[in-house]
Amino acid sequence: MDDFGILLIYAAVAAFSFFVAAPITLNAISTFGVQKSFAQDMIDRGIIKEEDVKALQPKKQLGGIIIAFIVLAALLIVSLNIKNGFISMGVGLIVGLLRFRHIIQFNNLTVKRFQNTYAGKYDNTKLNEYIRKTF
């Protein structure tokens, strides 16, 4: 029964790495890459004001870094406290990063995140026109 408990712990660490740590980490990275460049493109197109982006983007970036750091630190602490925890964490994290890599690419998820971040601050008709032409 002891081996089954260890297997469950390894499975939980791998699942947490895959379903939680990988997407949160990629989302934090995305705020500095594709989301930042998309917001700049929206400024250039007159969809949103530069002041709104400068007010909200740094907060979103800082929040993403803090959350990703906490999640990765918790995962690392748990992995250090179990035998062969790095293997379970590493497999889950690598597979998760490969599975959720679309988060750091320009796609309709980028537009949805933009709409959520800047709700009520952008020109909806211009954005809908851009979406219709692009996607």
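The largest cavity in this structure has a volume of about 60 Å³, and the model that holds it is a predicted one. The structure holds one cavity of 30 Å³ or more. Welcome to a short tour that begins at that cavity and then visits helix H2, two residues of helix H1, a helix pair and the salt bridges.

**The cavity and its lining**

- A little background helps here: rolling a probe the size of a water molecule over the atoms shows where empty space is left.
- Ten names are worth finding in the 3D view, for the largest cavity is lined by Gln35, Phe38, Ala39, Gln57, Lys60, Thr110, Arg113, Phe114, Thr117 and Tyr118.
- Three helices each give at least two residues to this lining: H2 (34–44), H3 (50–81) and H5 (108–117).
- H5 supplies the largest share of the lining, with four residues.
- By character, the lining of the largest cavity splits into four nonpolar, four polar and two charged residues.

**Helix H2 and the glycine after it**

- Which residues of H2 are buried? They are Val34, Gln35, Phe38, Ala39, Met42 and Ile43.
- Gln35, Phe38 and Ala39 are therefore worth a second look, as they are among the buried residues of H2 and also among the residues that line the largest cavity.
- The buried residues of H2 have several partners, packing against H1, H3, H5 and H6.
- Glycine 46 sits just after H2 and takes a positive phi of about 80°.

**Two buried residues of helix H1**

- Phenylalanine 18 is placed in helix H1, and its relative accessibility of 18% is below the 20% limit, so phenylalanine 18 counts as buried.
- What does phenylalanine 18 touch, leaving aside its neighbours within four places in sequence? Its contacts are Pro23, Gly92, Val95, Gly96, Arg99 and Phe100.
- Phenylalanine 18 also shows how the fold brings distant parts of the sequence together: 73 residues separate it from valine 91 in sequence, while the two lie 8.3 Å apart in space, C-alpha to C-alpha.
- Threonine 25 belongs to helix H1 (residues 2–32), and it counts as buried because its relative accessibility is 17%, under the 20% limit.
- Not counting residues up to four places away in sequence, threonine 25 touches Ala68 and Leu72.

**Where H3 meets H4**

- H3 and helix H4 (residues 85–99) pack at an angle of about 145°, and their axes are 7 Å apart.
- On the H3 side the contact is made by Leu75, Leu76, Ser79 and Leu80, and on the H4 side by Gly85, Phe86 and Met89.
- These residues of the contact of H3 with H4 divide into five nonpolar and two polar, with no charged residue.

**Salt bridges**

- Side chains of opposite charge can pair when their charged atoms come close.
- How many salt bridges are there in the structure? The count comes to four.
- One of them joins the side chains of arginine 45 and aspartate 41, at 3.2 Å from N to O.
- Arginine 45 is partly exposed, with a relative accessible area of 45%, and aspartate 41 is also partly exposed, at 23%.
- Another salt bridge links the side chains of glutamate 50 and lysine 54, at 3.4 Å from N to O.
- Glutamate 50 and lysine 54 are four residues apart in helix H3, so about one helical turn separates them.
- Is each of these two buried, partly exposed or exposed? Glutamate 50 is partly exposed, with a relative accessible area of 38%, whereas lysine 54 is exposed, at 57%.
- The side chains of glutamate 129 and lysine 133 form a salt bridge too, at 3.9 Å from N to O.
- Glutamate 129 is partly exposed at 30% relative accessibility, while lysine 133 is exposed, with a relative accessible area of 65%.
- Both glutamate 129 and lysine 133 lie in helix H6 (residues 124–134), four residues apart, which is about one turn of the helix.
- Glu129, Arg132 and Lys133 are joined into one network by salt bridges that share partners.

Terms used: Residues numbered from 1 in each chain as written. Predicted model: local features only at pLDDT ≥ 70, side-chain atom pairs only at ≥ 80, totals over all residues. Heavy atoms only, no water. 1 Å grid on protein atoms, 1.4 Å probe; cavity = no way out; pocket = protein on both sides within 12 Å on 5 of 7 lines; lining within 4 Å. Points joined across faces, edges and corners; volume = space filled by probe spheres on them. Nonpolar A, V, L, I, M, F, W, Y, C, P; charged D, E, K, R; others polar. Buried < 20%, exposed > 50% of the residue type's maximum accessible area, 1.4 Å probe, protein only. Contact = heavy atoms within 4.5 Å. Axes fitted to C-alpha atoms, helices over the stretch in contact; angles between N-to-C directions.
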